[in-house]
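Reader: I should like to learn how helices and strands are read in a model of this kind. Could we begin with the meaning of packing?

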Amino acid sequence: MIARRFELVIFDCDGVLVDSEPIINRAHAEVLTACGYPITEKVLVERFCGMSDPEMLEIIEREWGRALPASYAERVGSMIEAGFRQSLAPIEGVAEVVDSLTLPICVASSSSLEQIRQKLEITGLLGRFGEHLFSATMVARGKPAPDLFLYAAQQIMTAPDRCLVIEDSPAGIDAALAAGMTAIGFSGGSHCGPEHGVRLQRHGAALVMDDMLQLATAIAKLT
């Protein structure tokens, strides 16, 4: 039954495959605040979860009316790199879930291709996806635009309405729906507060789960 409706499962990376959002947002919050733009990790998650760094920083600079220092990317990158090496972990249960799927799978993330590979390698997930890794740098517009998901589907020769997207961000849910795909919201990352699942539902997630081990059941409900 699953195969008759869906032919491809597209996973976001941060907050869906790897529990990286706290590390990333902590680094941005600390460096932005030090630069004179006070902001918390919570606000960054609420406003920018799912967006690429360039898109997020463009909005911040526009609102702030100032350009961030040239050293910003290097400072944030160093903090994130150290955080990944120290504590980056896969989302609980995700390896088992990915191994159990009989459908083709891929990753479509706002991170760069190099960053996607690094995160999946550190967490032992890289071999499960092979070269089916797609980055927002490959398309003109990142999430919430549909470009990245449409590109991924095109590369794996799958019709959009046969694609199921697993996303943790409102921007990602918006992108999936704009692409004509079905979206399941995931609210089990450590960056997700109690209202996160409700936000994903409001953006149009067909179902929301807070435990990755629920994925097979969730897919069956949508079939």
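Author: Contact between residues means heavy atoms within 4.5 Å. The model before us is predicted. With that cut-off, the buried residues of helix H3 pack against helix H2 (21–34), helix H4 (53–64) and helix H10 (196–202).

Reader: Which residues of helix H3 are buried?

Author: A residue is called buried when its relative accessible area is under 20%. In H3, which spans residues 41–48, these are Leu 44, Val 45 and Phe 48. Viewed down the axis of H3, the buried residues lie within an arc of 110 degrees, so they line one face of the helix.

Reader: What follows H3?

Author: After H3 comes Gly 50, with a positive phi near 100 degrees.

Reader: How should the two sides of a strand be read?

Author: Side chains in a regular strand alternate between the two faces of the sheet. In strand S4, Cys 163, Val 165 and Glu 167 are on one side, Leu 164 and Ile 166 are on the other, and all are buried. Because five of the five residues of S4 (residues 163–167) are buried, the strand is largely enclosed by the rest of the structure.

Reader: Which strands does S4 pair with, and do they run parallel or antiparallel?

Author: Strand S1 (residues 8–11) is joined to S4 by four bridges, and the two run parallel. Within this pair, Phe 11 stands opposite Ile 166. Four bridges also join S4 to strand S5 (residues 182–186), again in parallel. There, Glu 167 has Gly 185 as its bridge partner. From S4 the chain crosses through helix H9 (residues 170–178) to S5, a right-handed β-α-β crossover.

Methods. Residues are numbered from 1 along each chain as its sequence is written. This is a predicted model: local features need pLDDT of at least 70, side-chain atom pairs count only at pLDDT 80 or more; totals for chains, interfaces and linings use all residues. Side-chain values use heavy atoms; hydrogens and water are left out. Buried means under 20% relative accessible area, exposed over 50%, partly exposed in between (1.4 Å probe, protein chains only). The arc is that of the directions from the helix axis to the C-beta atoms. Two strands pair if DSSP finds at least two bridges between them. A crossover is right-handed if, with the strands pointing away from the viewer, the path from the first strand over the helix to the second runs clockwise.
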